[in-house]
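Let's take a walk through this one together, a stop at a time. Have the sequence and the model side by side as you read.

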Amino acid sequence: MWSKDVRTLAGEQLYRLLKQQGIRNERVLKAITGLPRNEFVDEAMSHKAWDNSALPIGFGQTISQPYIVARMTEALLQGTQLRRVLEVGTGSGFQTAVLAQLVDEVYSIERIKPLQYQARRRLQRLDLHNVRTKHGDGWQGWASKAPFDAIIVTAAASSVPSALLEQLADGGRMVIPVGGMHQTLWLYQRQGDDMVRTELEAVRFVPLIQGDLE
């Protein structure tokens, strides 16, 4: 069990580490380090909750390391206020909870139903009520709620899903890891009918699988 004082100390240490690794957005740093990350992992892994590492959450999925969450969120925001954001891959709900503190509305899709259910309950316990979750195929996005100011994909796609590009608003940004054995994190920015692509860094994610799973 993590006491409030211990969580505060761990959060402060993580804050300093993320700054050392190049994260500059103060809102992102505070959103990540202010969350009780131990509540997003199984009790057996809670002693590692504040480590800067990915941790298993069951069903072959992981909670991303805090640096990657910060890097992707910072790239998504780029200093502007976002209204509607789509997250593909709810997972534990940690990235969702970070976004919920920074944008007006979060729409999050998870293909594994038990994970979606658990994440929704965690978000409710944290009083984060600007999030809507859905059990479904992330490759298809959430067309009825589009267009989105930003899209964040938390698993590696073998190629960029066309449905997600189509659901991105003009001027919108999408951060997505792409690849198989070797993966790259990309930032896509819509400019009218054109997409401008920027390489961010090499990453390692679980694969983005098409379809949903009960």
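Helices and strands here are DSSP runs, numbered from the N terminus, with a helix needing at least four residues and a strand at least two. With that naming in hand, S64 falls in the loop between β2 and α3 (66-77). Keep in mind that this is a predicted model.

Is S64 buried or exposed? Its relative accessibility is 18%, so S64 counts as buried, given that the cut-off for buried is under 20%. Setting aside neighbours within four places in sequence, S64 touches R37, S53, A54, V69 and F205. Two of those names, R37 and F205, are good threads to pull on.

Start with R37. This arginine lies over the face of F94, 5.6 Å from the ring centre. There is another arrangement of this kind elsewhere: R197 has its charged end over the ring of W186, at 3.7 Å from the centre.

The ring of F94 leads on to the aromatic pairs, and the count for those comes to three. In one of them F40 meets F94 edge-to-face, with 5.3 Å between centres and 85° between the planes. That pair links distant parts of the chain: F40 sits in the loop between α2 (26-33) and β1 (55-58), while F94 belongs to helix α4 (residues 94-100), 54 residues apart. Both F40 and F94 are buried. Another edge-to-face pair is Y107 with W142, at 5.4 Å centre to centre and 85° between planes. Y107 is in strand β4 (residues 105-110) and W142 in the loop between β5 (131-135) and β6 (148-153), so this pair ties together parts 35 residues apart in sequence. Y107 and W142 are buried as well. Add F148 to Y107 and W142 and you have one aromatic cluster.

While you're around there, look at the loop between β5 and β6, where P147 is found. The peptide bond joining A146 and P147 is cis, with omega about 0°. As a rule, most peptide bonds are trans, and most residues other than glycine have a negative phi. On the phi side, F59 has a positive value of about 60° although it is not a glycine. F59 is in the loop between β1 and β2, and with a relative accessible area of 48% it is partly exposed. D127 also has a positive phi, near 60°. You'll find D127 in the loop between α5 (113-125) and β5, and its relative accessible area of 57% makes it exposed.

Now for the empty space. Rolling a probe the size of a water molecule over the atoms shows where such space is left. How many cavities of 30 Å³ or more does a search of the whole structure find? Just one. The largest cavity has a volume of about 330 Å³. Its lining takes in 25 residues, and G89, T90, G91, E110 and T154 lie nearest the centre. At least two lining residues come from each of β2 (61-63), β3 (84-88), α4 and β4. Which of these gives the largest share of the lining? That is β2, with three residues. By class, the cavity lining splits into 11 nonpolar, 11 polar and three charged residues.

The other thread, F205, takes you to the largest pocket. That pocket has a volume of about 230 Å³, and of the 14 residues lining it, Q183, V203, R204, F205 and V206 are the closest to its centre. The pocket lining has seven nonpolar, six polar and one charged residues.

Q183 deserves a stop of its own. It lies in strand β8 (residues 183-191), and at 5% relative accessibility Q183 counts as buried. Beyond its neighbours within four places in sequence, Q183 is in contact with A156, V178, E201, A202, V203, R204 and F205. P56, on the other hand, is 127 residues from Q183 in sequence and 19 Å from it in space, C-alpha to C-alpha.

Last stop: K19, in helix α1 (residues 4-20). K19 has a relative accessible area of 31%, so it is partly exposed. Leaving out neighbours within four places in sequence, K19 contacts R24, E26 and L29. Between K19 and L29 the C-alpha to C-alpha distance is 8.0 Å, with 10 residues separating them in sequence.

How values were computed:
Residues are numbered from 1 along each chain as its sequence is written. This is a predicted model: local features need pLDDT of at least 70, side-chain atom pairs count only at pLDDT 80 or more; totals for chains, interfaces and linings use all residues. Side-chain values use heavy atoms; hydrogens and water are left out. Rings of Phe, Tyr and Trp (its six-membered ring) pair if their centres lie within 6.5 Å; planes under 30 degrees apart count as stacked, over 60 as edge-to-face and the rest as tilted. Buried means under 20% relative accessible area, exposed over 50%, partly exposed in between (1.4 Å probe, protein chains only). A charge sits over a ring if NZ of Lys or CZ of Arg is within 6 Å of the ring centre and within 35 degrees of the ring normal. On a 1 Å grid over the protein atoms alone, a cavity is a set of points where a 1.4 Å probe fits but cannot get out, and a pocket is an open set with protein on both sides within 12 Å along at least five of seven lines; lining residues have an atom within 4 Å of a point. Grid points are joined across faces, edges and corners, and a volume is the space filled by probe spheres set on the points. Ala, Val, Leu, Ile, Met, Phe, Trp, Tyr, Cys and Pro count as nonpolar, Asp, Glu, Lys and Arg as charged, and the others, Gly among them, as polar. Contact means heavy atoms within 4.5 Å.
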